[in-house]
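Welcome! Please have the sequence and the 3D view ready, and let us walk through some helix contacts and aromatic rings together.

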Amino acid sequence: MLKSGNIPGNKLRYPVIGMPLTDAKVRNLKAQNKAYKVLDFEGLYIEVRPSGKKYWRYRFNLKNKKEGIFTVGEYPDVKLSAARKERDWARSQARQNKNPNEVRRQEILQASASQENTFAAIENIFSASKKADWSKAYVDQYERIMKSDVLPVIGSMPIADVEASDVLLILERINSRGAPTIASNAKMHISRVFRFAAGRLLVTYDPTHLLNEAIIRRPTQSHPSMPRDQLSELCRKINGYPGRAQTRLALQILSRTFVRTIELRRSQWREIDFERAMWTVPAEHTKKKRTHLVPLSTQVTGWLKELQQLTGDSKNDRLFPNVRRPDDFMSHRAINQALCNLGYEKQFSGHGFRSTASTILNEEGWNPDAVERQLAHIESKGERRAYNHAQYLDERREMLQWWADFLDGAVSGR
């Protein structure tokens with residue numbers, strides 16, 4: 001039945017067709033020269049435009065007798081059953097004297113705010129503000145854990161909604177694959193994001209604080225030193241290493257300088273002064289963020305000159321460029337894998353040269369302060385730390401030459 005005229009809610013004086021609707025009826029409504037309405041019931045109707053577009057609308061009244069129109073959605077995106085459910089929601093708001101248009105607008109704003117305040121969004125802001133101060137190795141570790149373990153679980157959640165149980169799920173999954181160190185790092189990274197969010201008043205607490213016992217830790221294994229009676233065999237195997245020359249040279253130089261492996265792998269030719277026989281490790285490449293001086297023995301100087309023939313023109317000036325990525329430095333696995341290939345799997349690591357040198361040099365009566373300074377250790381106590389600021393360079397140069405000669409003697413059986 002077709003109705004027309006100035007009926008309530010028909011301010012545009014559209015022709016109005018009144019009968020309960022069905023899906024088939026809505027689907028078969030055709031455009032006309034003028035827009036018209038087709039009533040469903042309880043205030044819901046569909047408006048058909050000359051363009052053929054169809055819009056669900058709901059007419060409501062508030063207690064102040066003010067009328068309003070709530071747009072439910074466009075057909076066919078919103079089907080009849082969904083339109084009726086939305087009509088019921090709008091009617092419940094109107095009965096509470098709430099304008100459903102205003103309520104929906106606030107919901108949209110809150111949803112938008114929630115999207116901006118997801119864990120992933122806050123993490124992105126946090127990491128962007130910190131990466132300039134982080135080492136490349138730390139950035140790589142952080143991003144790998146976030147992308148692989150953290151963001152797939154809680155990235156899309158509003159950060160204020162993340163609970164300790166959500167973080168526990170992440171840690172348990174990591175622990176289940178036997179990686180407690182990664183789980184510990186994940187917990188630390190998540191905590192840093194939450195503390196950053198707390199500083200912006202986005203959260204009120206850090207849920208990781210409840211999970212201190214959640215990580216199953218294995219007994220800590222230090223880097224074992226090599227006994228004296230086995231040094232000769234180790235040094236002979238290194239000298240005869242059958243793999244890449246750069247890897248052999250890395251092992252030889254590392255064994256005589258006992259720097260940290262990351263300092264060796266990151267080294268650049270600009271750090272080497274052949275004239276002064278000195279390697280200056282810049283602060284940004286060291287663990288303690290302090291420039292570290294390494295006097296060069298005659299043996300190390302010779303190996304560096306041999307290495308210079310191989311990598312002296314490497315991209316980015318690297319002593320040990322990465323095989324697959326020439327703009328990067330040697331992989332952290334390269335040295336330990338080489339020792340593994342020589343038969344020292346789970347027995348000795350690149351870091352073990354440091355404890356080996358420290359043990360023997362102290363046993364041989366070298367000044368403990370010079371040994372510690374060459375290891376780039378820093379005393380934590382004030383007076384002792386101030387005393388150790390001395391460089392002991394002359395003594396350290398003599399000590400490193402003695403150490404290189406000592407290892408040569410081990411190779412020859414002296």
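## Where α13 meets α16

In this predicted model, four residues of α13, namely Thr356, Ala357, Ile360 and Leu361, touch Met399, Trp402, Trp403 and Phe406 of α16. Sorted by class, this contact has seven nonpolar residues, one polar residue and no charged ones.

Helix α13 spans residues 352–363, and its axis comes within 12 Å of the axis of α16, crossing at roughly 105°. Angles of 65 to 115 degrees count as roughly perpendicular, and α13 and α16 are therefore roughly perpendicular to each other.

## A second partner for α16

Helix α16 (residues 393–412) also packs with helix α8 (residues 228–239). Here the angle is about 85° and the axes lie 8 Å apart, so α8 and α16 are roughly perpendicular as well.

On the α8 side, the contact is made by Arg228, Leu231, Ser232, Cys235, Arg236 and Asn239. On the α16 side, Phe406, Leu407, Ala410 and Val411 take part. By class, the contact of α8 with α16 has six nonpolar, two polar and two charged residues.

## Aromatic pairs

How many aromatic pairs does the structure hold? There are ten. One of them joins phenylalanine 119 and phenylalanine 194, a tilted pair with 5.9 Å from centre to centre and 45° between the planes. This pair links distant parts of the chain, with phenylalanine 119 in helix α4 (residues 119–130) and phenylalanine 194 in helix α7 (residues 180–199), 75 residues apart. Are these two residues, phenylalanine 119 and phenylalanine 194, buried or exposed? Both are buried.

Phenylalanine 258 and tryptophan 403 form an edge-to-face pair, 6.3 Å centre to centre with 85° between the planes. Phenylalanine 258 belongs to the loop between α9 (245–257) and α10 (261–266), while tryptophan 403 is in helix α16, 145 residues away along the chain. Phenylalanine 258 and tryptophan 403 are both buried.

## An aromatic cluster

Take another look at Trp403, a residue of α16 that meets α13. Together with Phe258, Trp366, Trp402 and Phe406, Trp403 forms one aromatic cluster. Phe406 is also part of the contact between α8 and α16.

## Charges over rings

Aromatic rings can be found beside charged side chains too. The charged end of lysine 37 sits over the ring of tyrosine 45, 4.7 Å from the ring centre. For arginine 87, the charged end sits over the ring of phenylalanine 41, at 5.1 Å from its centre.

How values were computed: Residues are numbered from 1 along each chain as its sequence is written. This is a predicted model: local features need pLDDT of at least 70, side-chain atom pairs count only at pLDDT 80 or more; totals for chains, interfaces and linings use all residues. Side-chain values use heavy atoms; hydrogens and water are left out. Axes are lines fitted to C-alpha atoms, for helices over the stretch in contact, and angles run from 0 to 180 degrees between N-to-C directions. Helices (H or I, at least four residues) and strands (E, at least two) are DSSP runs, numbered from the N terminus. Angles under 35 degrees count as roughly parallel, over 145 as roughly antiparallel, 65 to 115 as roughly perpendicular and the rest as oblique. Contact means heavy atoms within 4.5 Å. Ala, Val, Leu, Ile, Met, Phe, Trp, Tyr, Cys and Pro count as nonpolar, Asp, Glu, Lys and Arg as charged, and the others, Gly among them, as polar. Rings of Phe, Tyr and Trp (its six-membered ring) pair if their centres lie within 6.5 Å; planes under 30 degrees apart count as stacked, over 60 as edge-to-face and the rest as tilted. Buried means under 20% relative accessible area, exposed over 50%, partly exposed in between (1.4 Å probe, protein chains only). A charge sits over a ring if NZ of Lys or CZ of Arg is within 6 Å of the ring centre and within 35 degrees of the ring normal.
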